[in-house]
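Biologist: I am new to this structure and would be grateful for a close look at a single part of it. Please begin with one residue and work outwards to the elements around that part.

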Amino acid sequence: MSPALRAYQYNLLAYKRTWRGSLTTTFLYPVLYLAAIGVGLGHLIDHGSNKAVGGVPYLWFLAPGLLAGTAMQIGANESTFPVMAGIKWLKTYFAMLATPLEVTDVLYGHLLWILTRVALASGVFLAVMTAFHTVPSAWAVAAFPAAVLTGAAFSAPVMAFSATRETDQSFVVLYRFGIVPLFLFSGTFFPVTQLPGWLQVIARCTPLYQGVSLCRGLVLGRPGGWDALGHAVYLLVMFAGGVLAARVSYRRRLVQ
Amino acid sequence: MRMIACLSPISGGTLQVLGLDPMRDGPQIRSRIGLVPQDDTLDLELTVRDNLYLYGRYFGLPKKQLRERVDELLEFARLTERADERVDPLSGGMRRRLTIARALVSSPSLVILDEPTTGLDPQARHLLWDRLYRLKREGVTLVITTHYMDEAEQLCDRLVVMDAGRIAAAGSPRELIEQWSTREVVELRFEAEGHQVHGDRLADLAERVEVLPDRLLLYTDEGDATLDAVRSRGASPIAALVRRSTLEDVFLHLTGRSLVD
């Protein structure tokens with residue numbers, strides 16, 4: 001077994017003991033969001049105007065946006081406090097480093113675990129979407145890797161950031177001024193064309209916008225050729241850059 | 001310590017561990033040493049058994065063999081009864097024993113322990129010493145740092161006294177005492193402020209006299225004879241004690257009595 005997988009195994013075993021706690025975020029949230037906003041609010045929206053949002057029922061529009069938004073949240077979430085725990089609270093990283101494992105094994109093992117969590121959550125979300133009849137196209141299958149890629153694009157840079165922090169205070173700031181605004185204004189709940197011109201440009205440049213557009217296109221059966229490729233490349237580059245940055249910040253933090 | 005465990009880059013000089021180069025063969029060296037860090041780095045949420053098991057997996061030990069090893073180690077650390085409980089509620093001594101057992105999971109030939117008994121009660125310390133002594137007898141090399149001189153005296157064949165990052169003295173506990181102290185020490189307490197005056201008066205009775213605010217220490221090879229001589233000079237201490245010289249005397253002599261923070 002490769003060394004990084006041995007580090008990964010730690011998270012797997014730890015999760016076996018604590019998975020109940022993550023049930024609400026993974027299973028319940030998609031149901032609640034889709035029911036309250038998608039069905040409840042969507043009903044008003046679809047009846048209030050004569051043109052449906054994006055040419056489809058609001059629930060159809062919203063669901064893939066939420067899929068990408070959830071992937072981002074899980075990717076970022078799992079890359080903040082658990083990283084701090086590895087470094088400061090439980091010091092599991094240091095326990096690993098006293099064994100033949102190296103800094104990159106610790107990093108890749110944890111990253112792989114975070115991607116597993118994103119994949120689990122995305123899979124469940126897609127299943128819930130299917131149950132809500134919001135998946136009109138078989139292209140939706142490809143929305144699964146797209147959602148995982150969205151989560152990955154956030155997790156690696158956030159890991160790099162978390163490894164430089166002394167306290168968890170910065171994570172609150174990251175959420176308040178990063179994750180939450182992105183979640184709200186990247187085309188998740190409404191088309192970015194609703195925003196004033198200059199904000200629209202900014203919104204189109206955000207990473208979550210790429211994930212939302214990619215997932216929405218696939219789920220609705222309009223993958224959209226070059227645009228989709230552009231979104232995917234954007235996210236891939238962000239992920240790769242994050243990994244490189246995390247290699248540096250992990251080494252700086254863990255080799256003293 | 002961290003350099004020997006291949007956790008920190010070498011800051012100067014040359015270092016070989018088990019005949020290997022720490023800069024190049026880090027993982028290989030670490031696979032053959034067990035590290036007991038000052039912080040336990042245990043996962044408090046997981047069970048005692050899982051902590052041992054996972055650590056063994058980091059070394060890539062096969063599952064079946066590892067399960068047997070974990071049972072042995074639980075026995076060794078006297079934690080068999082608590083094996084399936086979480087680590088969180090365990091006492092400091094139990095956690096320390098678990099950390100030591102964990103370091104042994106890969107049957108290392110060298111075990112590095114950073115202040116293994118700091119903060120433990122006497123019972124827990126003695127149990128740990130017993131376990132460490134057993135390891136030593138089995139041929140495992142132990143490298144220990146400690147502030148407790150009795151611990152050093154109990155466990156160490158070779159001892160290095162460090163002061164501000166430099167080696168102040170080295171040798172076996174016996175050699176160090178012979179070289180840096182006398183066989184016995186007479187401790188005298190006098191009324192009030194008289195210690196300096198008495199110290200000057202009695203200076204010629206011992207090889208070395210140390211005046212402390214609350215007591216006078218006479219370093220001598222024949223404690224009882226020196227005490228008799230003190231009394232025959234008419235000095236009447238309110239308390240007198242003859243004891244053997246210890247490593248603590250050596251340590252304080254070499255590194256001074258001022259607080260190092």
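Modeller: In this predicted model, Arg78(B) is exposed, with a relative accessible area of 55%; the term applies because the cut-off for exposed is over 50%. Arg78(B) belongs to the loop between H3 and H4 of chain B. Its backbone deserves attention as well: phi of Arg78(B) is near 50 degrees, a positive value in a residue other than glycine. Most residues other than glycine have a negative phi.

The two helices on either side of that loop lead to helix H5 of chain B. H3 (63–76) and H4 (92–103) are among the elements that cover the buried residues of H5(B). The cover also includes strand S2 (110–114), strand S3 (141–145) and helix H6 (149–155) of chain B.

H5(B) itself runs over residues 122–137 and has 16 residues. From its first C-alpha to its last it reaches 22 Å, which is close to the 22 Å expected at 1.5 Å a residue. Which residues of H5(B) are buried? They are Ala124(B), Arg125(B), Leu127(B), Leu128(B), Trp129(B), Arg131(B), Leu132(B) and Leu135(B). An α-helix has 3.6 residues a turn, so residues three or four places apart point the same way.

Two arginines appear in that list of buried residues, Arg125(B) and Arg131(B). Arg125(B) lies over the face of Tyr148(B), at 4.4 Å from the ring centre. The charged end of Arg131(B), for its part, sits over the ring of Phe76(B), 5.7 Å from the centre of that ring. After the helix comes Gly139(B), whose phi is positive, near 95 degrees.

Further along chain B, strand S4 (residues 159–163) and strand S5 (residues 166–171) run antiparallel and are joined by five bridges. In one of these pairings, Val161(B) has Ala169(B) in S5(B) as its bridge partner. The two strands form a hairpin with two residues between them. Ala164(B), in the turn, has a positive phi of about 50 degrees.

As for the wider setting, the domain assignment of chain B gives domain 1 as 31–156 and domain 2 as 182–244. The C-alpha centres of these two domains of chain B lie 44 Å apart.

For comparison, chain A offers a backbone feature of its own. Lys91(A) is a residue other than glycine with a positive phi, near 60 degrees, and its place is in the loop between helix H4 (81–89) and H5 of chain A. Lys91(A) is partly exposed, with a relative accessible area of 24%.

Aromatic contacts complete the picture, and the count over all chains comes to eleven aromatic pairs. One of them joins Tyr33(A) and Phe183(A), whose ring centres are 6.3 Å apart and whose planes stand at 80 degrees, so the pair is edge-to-face. Tyr33(A) lies in helix H2 (residues 23–48) of chain A and Phe183(A) in helix H8 (residues 169–185) of chain A, so the pair ties together parts that are 150 residues apart in sequence. Phe183(A) counts as buried at 7% relative accessibility, whereas Tyr33(A) is partly exposed at 31%. In a further pair, the rings of Tyr93(A) and Tyr250(A) have centres 5.4 Å apart and planes at 45 degrees, so the pair is tilted. Here helix H5 (residues 92–97) of chain A holds Tyr93(A) and helix H11 (residues 225–254) of chain A holds Tyr250(A), so parts 157 residues apart in sequence are tied together. Tyr93(A) is buried, with a relative accessible area of 3%, and Tyr250(A) counts as buried at 0%.

How values were computed: Residues numbered from 1 in each chain as written. Chains lettered and ligands numbered in written order. Predicted model: local features only at pLDDT ≥ 70, side-chain atom pairs only at ≥ 80, totals over all residues. Heavy atoms only, no water. Domains from an automatic or database assignment. Phe/Tyr/Trp six-rings, centres within 6.5 Å; stacked < 30°, edge-to-face > 60°. Helix = DSSP H or I, 4+ residues; strand = E, 2+ residues; numbered from the N terminus. Buried < 20%, exposed > 50% of the residue type's maximum accessible area, 1.4 Å probe, protein only. Lys NZ or Arg CZ within 6 Å of the ring centre and 35° of its normal. Pairing = 2+ DSSP bridges. Expected span 1.5 Å × (residues − 1). Contact = heavy atoms within 4.5 Å.
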